[in-house]
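This report goes through charged side chains and a few individual residues of one protein chain. The sequence and structure come first, and the notes follow.

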Amino acid sequence: MKKKQTCYDVYVQATGIECSDEAVAFIKKWRRFDNKVACVSFKIKDPKSMDAQWVVDTQSTAKTEDGKKVSMEDQFNEVRDSFKKYQNRVWLAKVAYEKDGADLSAIVYLLRRGQTKAPSGGEETKKQKRLRKMCFSTRMVYASSGAAIKANVSTKHSEEYDHYDIEYANIQEALAKKI
């Protein structure tokens, strides 16, 4: 009897990049309602090798050092601002929003595309040029293989953006307008 293919199997076949066991276990634990970490980002470990995998890169801080709770919006901004100029990343965020007077929350899939254009008016170092070219070469890999992350969690909204061009309020607004 032939095993039925899942959408996850199709994504892995198309790109060759799958989630590491640690990333899958982390997502299962993170997506629970009682987990107060609002954002987690993922990167591809060894993107040019044959055994490239999605791994957890960073996660937001749920509590301050003195034990106070950090809001979902502040956690969102923390992760968004942590990325370097030339980094492509896939990340998930829990977003609280209001719809028809009800307070709701949803998980959102985000694809960050790093800067691929050379800076205008200035010289760029060899390291910056190398990072920019690597960003350009992995941009499509992140976009196409990010579905492997999405297959492990139920998301209500997806957003792709360049550099730092994303705001928590815009995502809340998009979620509130969804049917």
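## Charged groups and selected residues

In this predicted model, strand β2 (39-45) and helix α4 (126-145) each supply at least two residues of a positive patch. The patch lies on the surface and gathers K43, K45, K84, K127 and R130. One of these residues, K45, has its place in strand β2. K45 has a relative accessible area of 48% and is therefore partly exposed, since the exposed class begins over 50%.

The salt bridges come next. A side-chain nitrogen of Lys or Arg has to lie within 4 Å of a carboxyl oxygen of Asp or Glu for a pair to count. By this rule the chain has eight salt bridges. Three of them are listed here.

| Salt bridge | N to O distance | Separation in sequence |
|---|---|---|
| R80 and E167 | 3.4 Å | 87 residues |
| E160 and R113 | 2.9 Å | 47 residues |
| R113 and D162 | 2.8 Å | 49 residues |

In the salt bridge between R80 and E167, the side chains meet at 3.4 Å, N to O. This pair links distant parts of the chain, with R80 in helix α3 (residues 72-82) and E167 in the loop between β6 (157-162) and α6. R80 is buried, with a relative accessible area of 10%, whereas E167 is partly exposed at 42%. The cut-off for buried is under 20%, so R80 at 10% falls in that class and E167 at 42% does not.

Which two residues does R113 meet in the other listed salt bridges? One partner is E160, at 2.9 Å from N to O. E160 lies in strand β6 and R113 in strand β5 (residues 102-113), so this pair ties together parts that are 47 residues apart in sequence. The other partner is D162, whose side chain meets that of R113 at 2.8 Å, N to O. This pair also links distant parts of the chain, as R113 is in strand β5 and D162 in strand β6, 49 residues apart. Salt bridges that share partners join R113, R139, E160 and D162 into one network. Within this network, R113 is partly exposed at a relative accessible area of 21%, and D162 counts as partly exposed at 25%.

Two further residues can be described one by one.

D100 is found in the loop between β4 (89-99) and β5. Its phi is positive, about 55°, although D100 is not a glycine. Is D100 buried or exposed? With a relative accessibility of 78%, D100 counts as exposed, because that class covers values over 50%.

Q172 lies in helix α6 (residues 168-177). Its relative accessibility is 26%, so Q172 counts as partly exposed. Which residues does Q172 contact, leaving aside its neighbours within four places in sequence? They are V95, A96 and Y97. Q172 and C19 are 153 residues apart along the chain, and their C-alpha atoms are separated by 28 Å.

Methods:
Residues are numbered from 1 along each chain as its sequence is written. This is a predicted model: local features need pLDDT of at least 70, side-chain atom pairs count only at pLDDT 80 or more; totals for chains, interfaces and linings use all residues. Side-chain values use heavy atoms; hydrogens and water are left out. Patches are made of residues with over 30% relative accessible area and no salt bridge: like charges are joined within 9 Å, nonpolar side chains (Val, Leu, Ile, Met, Phe, Trp, Tyr) within 5 Å. Accessible areas come from the Shrake-Rupley method with a 1.4 Å probe; for residues, only the protein chains shown count as cover. Lys and Arg count as positive and Asp and Glu as negative; His and the chain ends are not counted. The place of a charge is taken as NZ of Lys, CZ of Arg, CG of Asp or CD of Glu. Helices (H or I, at least four residues) and strands (E, at least two) are DSSP runs, numbered from the N terminus. Buried means under 20% relative accessible area, exposed over 50%, partly exposed in between (1.4 Å probe, protein chains only). Contact means heavy atoms within 4.5 Å.
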